[in-house]
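Hi everyone, thanks for making the time. I'd like to walk you through one model today, starting with the overall layout and ending inside it. Let me put it up on the screen.

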Amino acid sequence: MTAGFWVAIEDAALAALEAEIGSQVQTLETYQGDWRADLEQQAWRLPAVLVTWRRGRGEQVGWGSYDLTLEIRALVVVRQLRGEAQGRRGAGGAYELLEGIRRAWWHQDLGLDLLPLALVEEEALLSGPEFTVYGALYRTRMVQDFS
């Protein structure tokens, strides 16, 4: 597995989201950082969907063969000056974007040699009068053979 593998997964995940919700968001990119600090600095044009890696784990299943479990998260960041409820429920709100992410990723292999992505959890990370942030965690698996 090379660094190009991770880039390919990120690119495929972004392409799927671009096709499904690209017209609904102002920022769609990969991200690894402290979203809370960057939110305070207003680093993104909102609404934003940020694709982040949560973890990858390997488990040996045979001589030179491993099952790799990969977890990828979409952070949905919405700014709604009409209040917290509109940030979740309104047009272009978090719920609408989460539904678009489900259509783009759930039970999709992104055109790669992966098991289809499975939704693990969606959670509210921040709900306030100005900003709403949700996380949607997806998991996939693949086999890495070194023999």
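So, to begin with burial: 44% of the 147 residues of this protein count as buried. Please keep in mind that what you see is a predicted model. The protein exposes about 7900 Å², and carbon and sulfur atoms supply 48% of that area.

Now the fold. You can pick out 4 helices and 5 strands, and if you read along the sequence they come in the pattern α-β-α-β-β-α-α-β-β. Taking the contacts with a separation of 6 or more, 57% are between residues 24 or more positions apart.

Let's go inside. The largest nonpolar core has 31 residues, and the ones that touch the most other members are Leu17, Val49, Ile72, Val76, Ile101 and Trp105. At least two residues of this core come from each of α1 (3–21), β2 (48–62), β3 (65–79), α4 (94–105) and β5 (131–145). Which element gives the most? That is α1, with 8 residues.

Trp105 deserves a moment. Setting aside residues up to four places away in sequence, tryptophan 105 touches Ala13, Ala16 and Leu17, along with Val51, Ile72, Arg73, Ala74, Leu110, Leu117 and Tyr138. There is also a second, separate core, this one of 10 residues, with Trp35, Leu39, Ala48 and Val133 among them.

That brings me to Leu39, which sits in helix α2, residues 35–40. Is leucine 39 buried or exposed? Its relative accessible area is 7%, and the cut-off for buried is under 20%, so leucine 39 is buried. Beyond its neighbours within four places in sequence, leucine 39 is in contact with Trp44, Val77, Leu126, Phe131 and Val133. Take the last of these: leucine 39 and valine 133 are 94 residues apart along the chain, and their C-alpha atoms are separated by 9.7 Å.

Leu39 also takes us to my final stop, the cavity. How many cavities of 30 Å³ or more are there? The count comes to 1, and the largest cavity holds about 30 Å³ of space. Its lining is made up of Asp38, Leu39, Gln42, Ala43, Trp44, Leu46 and Phe131. By residue type, that lining divides into 5 nonpolar, 1 polar and 1 charged. If you look back at the contacts of leucine 39, Trp44 and Phe131 are among them, and both also line this cavity.

That's my tour; I'm happy to rotate the view for anyone who'd like another look.

Definitions and conventions:
Residues are numbered from 1 along each chain as its sequence is written. This is a predicted model: local features need pLDDT of at least 70, side-chain atom pairs count only at pLDDT 80 or more; totals for chains, interfaces and linings use all residues. Side-chain values use heavy atoms; hydrogens and water are left out. On a 1 Å grid over the protein atoms alone, a cavity is a set of points where a 1.4 Å probe fits but cannot get out, and a pocket is an open set with protein on both sides within 12 Å along at least five of seven lines; lining residues have an atom within 4 Å of a point. Grid points are joined across faces, edges and corners, and a volume is the space filled by probe spheres set on the points. Ala, Val, Leu, Ile, Met, Phe, Trp, Tyr, Cys and Pro count as nonpolar, Asp, Glu, Lys and Arg as charged, and the others, Gly among them, as polar. A nonpolar core is a set of buried Ala, Val, Leu, Ile, Met, Phe, Trp, Tyr and Cys residues joined through side-chain atoms within 4.5 Å. Buried means under 20% relative accessible area, exposed over 50%, partly exposed in between (1.4 Å probe, protein chains only). Contact means heavy atoms within 4.5 Å. Accessible areas come from the Shrake-Rupley method with a 1.4 Å probe; for residues, only the protein chains shown count as cover.
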